[in-house]
Amino acid sequence: MCFKQIYLYIVFFICPLWVSFGQTIITGKVIDADTKIAIPNTLIINLKTKDSVISNQYGYFEINNTGSRFIFKKHGYLDKAIKITGNKVTLIALQITPSRLNEIVITSKTPHNIYRNTPATVNIITNAAIERSNTTNFNGTLNRVPGVFMQTGALNTNRITVRGIGSRNLYGTAKIRAYFKDIPLTNGSGETNIEDFELASISKMEIIKSAIATTYGAGLGGTITLFPTEASLNHTKINSGLTIGSFDLLKNTTKAHFGFKKNSMALVHSNTKSNGYRENNQYRRQTLTLNSNHFINLKSNLSLLASYVDLKAFIPSSINKTTYLNSPKSADTNWKDSKGHEDSNRGIFGASWNYSINHKTDVVSSIFTSFKKSYEPRPFNILEEKTLAYGLRSRLSGHTKIFSNTLNYTFGGELFKDVYRYKTYENLYKDYPQGTGSVAGNQISNFKEKRRYYNIFAETDYDILEKTTLSVGLNINNTNYTLYDQFPTSSTNPDQSGEHHFKTLFSPKFGISHLISKTATIYANISHGFSPITLNETLLPNGQINKKIKPETGWNFEVGSRGATLKNRLAYSISFYRLNIKNLLVSRRTAEDQFIGVNAGKTQHDGLESSLNYLINKNKKTVFNIFLNHSLNHYTFKEFIEEDQNYSGNDLTGVPSQVFNSGIDINSSYGFYGYINFQHVGKMPITDSNSLYSESYNLTNLKFGFKTNLNKNLKLNGFFGLNNIFDTHYASQILVNATSFGGAAPRYYYPGNPTNYYAGINVNYLF
């Protein structure tokens with residue numbers, strides 16, 4: 001579907017929808033702008049008369065004197081001033097205030113409350129943190145979160161690990177679940193791709209580490225949730241941005257926010273082009289994201305979310321050590337000669353209905369569908385694939401009193417199914433003159449996969465004492481695959497059709513937290529999780545399904561503390577964890593484009609995560625904030641025997657020994673702002689035998705800019721950024737256990753970008 005068709009669809013079909021819900025209401029209600037949950041005890045002040053009222057425990061309020069400006073105040077939220085006219089009042093949506101000490105803050109894992117006594121490590125990346133770095137790539141933002149590490153070989157080649165989970169995945173991100181609001185981004189085989197999304201369309205990201213997220217599938221690597229940009233009620237604004245930079249980077253972004261009394265819509269379009277640092281590295285991407293909210297009445301609201309991505313990105317691939325050291329701009333010869341690339345279109349659509357059954361109970365139900373169509377010429381073959389997914393998710397949340405203490409609860413389930421079709425063809429590029437690129441030959445395979453799972457989950461938080469909260473949860477998962485081999489069978493091509501039903505998995509969690517002071521919490525948790533297996537990994541060398549293979553499962557043990565001291569000028573967080581995993585899944589390469597999965601042992605992940613944020617100077621003119629965070633990783637193969645090799649006791653491949661970040665943020669009331677970040681990444685095992693390690697490296701990035709109000713409606717923001725200031729030569733991604741063919745040296749390395757810049761301007765107009 002072209003962008004013109006999508007735009008016409010929005011104008012003629014979506015826009016009338018938010019106009020149709022235009023009825024006014026007599027009483028008002030204060031809600032959280034993100035969760036749509038009621039906010040109790042909000043102070044509402046009439047700026048003319050100075051009279052005030054307070055919303056009740058369910059967020060409702062009444063105002064007798066209309067036609068005046070009112071300000072809404074609630075601790076933890078941004079103040080909101082609004083003029084209320086007529087005889088009736090509408091909903092008031094408040095935005096959460098990010099910590100002034102830390103743009104990565106702690107929040108509750110449930111949508112009901114934000115509170116300090118969550119017995120887990122949960123990180124929120126705010127919009128301000130996203131905008132702090134170059135918004136062309138996720139890695140600058142994610143790599144500031146302790147325990148999270150994103151390797152980037154190119155804008156379309158990335159691998160995310162959380163506490164070491166997913167490090168041995170050869171290409172892309174696996175074993176980490178991801179959601180766009182309530183829509184799963186992880187496919188039926190546990191593979192996740194978030195880097196194609198436009199960062200400007202994301203208001204915040206929530207990262208729940210390890211298997212504590214029972215309501216999101218209890219994945220071993222945790223969950224990353226993206227929240228789309230929300231338009232505020234009663235406000236309309238247009239934002240246009242242009243960014244240029246090294247490697248012929250050109251990016252333009254347009255945001256349109258329309259807000260009325262009970263309806264809002266945020267529309268974000270982006271167009272990104274880059275020729276890349278390396279050969280065969282061109283990148284072209286367009287995105288369109290729509291997020292709308294329609295408050296039908298005080299009890300019910302409907303949200304619509306749609307995203308479309310059109311991508312064509314060439315692939316330089318990994319290179320051997322000699323090329324990496326002497327000619328890092330070079331692409332792998334075969335990928336360059338075949339002009340290897342991916343040409344894909346993907347889209348998601350979801351609708352969520354939030355209904356307040358009563359003042360204590362809410363239900364949120366979502367339906368969703370997604371598709372992906374991709375064409376990927378590679379040196380060894382040409383891959384053509386299509387995926388169609390659909391499902392539903394529903395949860396019931398509420399709170400009650402038991403023995404005079406509060407019990408918060410969430411119950412629900414998620415059903416997911418996707419159909420994955422893929423064909424491969426011979427690539428005849430070597431039979432044509434150099435420069436022709438890939439040419440499709442005979443078809444060599446034709447498969448269809450049906451992948452299904454369901455999650456049933458329950459989670460409760462009970463205040464067993466005034467300062468102590470007990471958290472208990474359970475996730476039940478059932479996954480099964482069916483493979484249809486639609487290619488004619490022969491003596492060299494056996495029929496690989498079959499099905500695999502994994503055993504139902506029960507993943508419990510237990511957590512406890514205690515407030516040791518008004519500003520400090522200690523906590524501990526134990527949780528169980530699992531990682532699904534791709535269907536290809538279940539195939540044996542003879543093409544038959546290995547029904548003995550098992551998903552990776554593990555237990556996570558964690559203790560930690562977070563809080564603030566020195567009059568809230570110093571915020572801190574520290575956690576110690578151990579993650580024990582069994583049925584370690586090993587991808588054993590049997591051909592250049594073929595892998596099989598083998599359960600080969602156990603791993604042990606011991607780690608320490610810490611962060612400090614200190615407000616070193618604060619006055620009416622300028623704010624300085626210094627931050628430090630550190631991940632110390634000791635991940636080992638506890639038991640690992642592959643064929644005749646015993647790797648037990650070796651370091652886990654693909655994870656740095658440590659990651660350290662420090663930096664300073666500066667914000668001035670005159671409009672000037674700046675940011676500088678230093679990052680140290682420790683050495684990383686490349687092979688299971690630990691015979692080869694990548695070198696540690698240091699990166700320093702900076703960004704500064706100037707914001708000004710040209711008038712009361714028009715705002716201007718200009719900025720300049722410089723990455724890798726000291727031109728460090730480093731490997732930005734490692735291909736672990738790379739295997740050589742035909743006597744060629746193994747290609748382990750993706751070289752990182754040298755010193756590069758970006759600059760841009762944003763214009764924002766408020767109607």
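Which residues are linked with Arg393 in a network of salt bridges? Keep that question in mind while you move through this predicted model, in which the structure holds 21 salt bridges.

Begin by selecting arginine 393 and glutamate 414, whose side chains meet in a salt bridge with an N to O distance of 2.7 Å. Arginine 393 sits in strand β25 (residues 382-402) and glutamate 414 in strand β26 (residues 405-427), so that the pair, 21 residues apart, links distant parts of the chain. Both arginine 393 and glutamate 414 are buried. Now add Arg177, Asp182 and Arg395 to the selection, and you have the answer to the opening question, since these residues are linked with Arg393 and Glu414 in a network of salt bridges.

Next, select glutamate 609 together with lysine 209, where the side chains form a salt bridge at 3.0 Å, N to O. Here the two partners are 400 residues apart, with glutamate 609 in strand β36 (residues 601-618) and lysine 209 in the loop between β16 (202-208) and β17 (223-228). Glutamate 609 and lysine 209 are both buried.

Finally, select glutamate 279 and lysine 336, which meet through their side chains in a salt bridge of 3.3 Å, N to O. Because glutamate 279 lies in the loop between β20 (263-274) and β21 (283-295) while lysine 336 belongs to helix α5 (residues 333-337), the pair ties together parts that are 57 residues apart in sequence. With a surface display switched on, look at glutamate 279, which is partly exposed with a relative accessible area of 30%, and then at lysine 336, which is partly exposed with a relative accessible area of 39%.

Terms used:
Residues numbered from 1 in each chain as written. Predicted model: local features only at pLDDT ≥ 70, side-chain atom pairs only at ≥ 80, totals over all residues. Heavy atoms only, no water. Salt bridge = Lys/Arg side-chain N within 4 Å of Asp/Glu carboxyl O. Helix = DSSP H or I, 4+ residues; strand = E, 2+ residues; numbered from the N terminus. Buried < 20%, exposed > 50% of the residue type's maximum accessible area, 1.4 Å probe, protein only.
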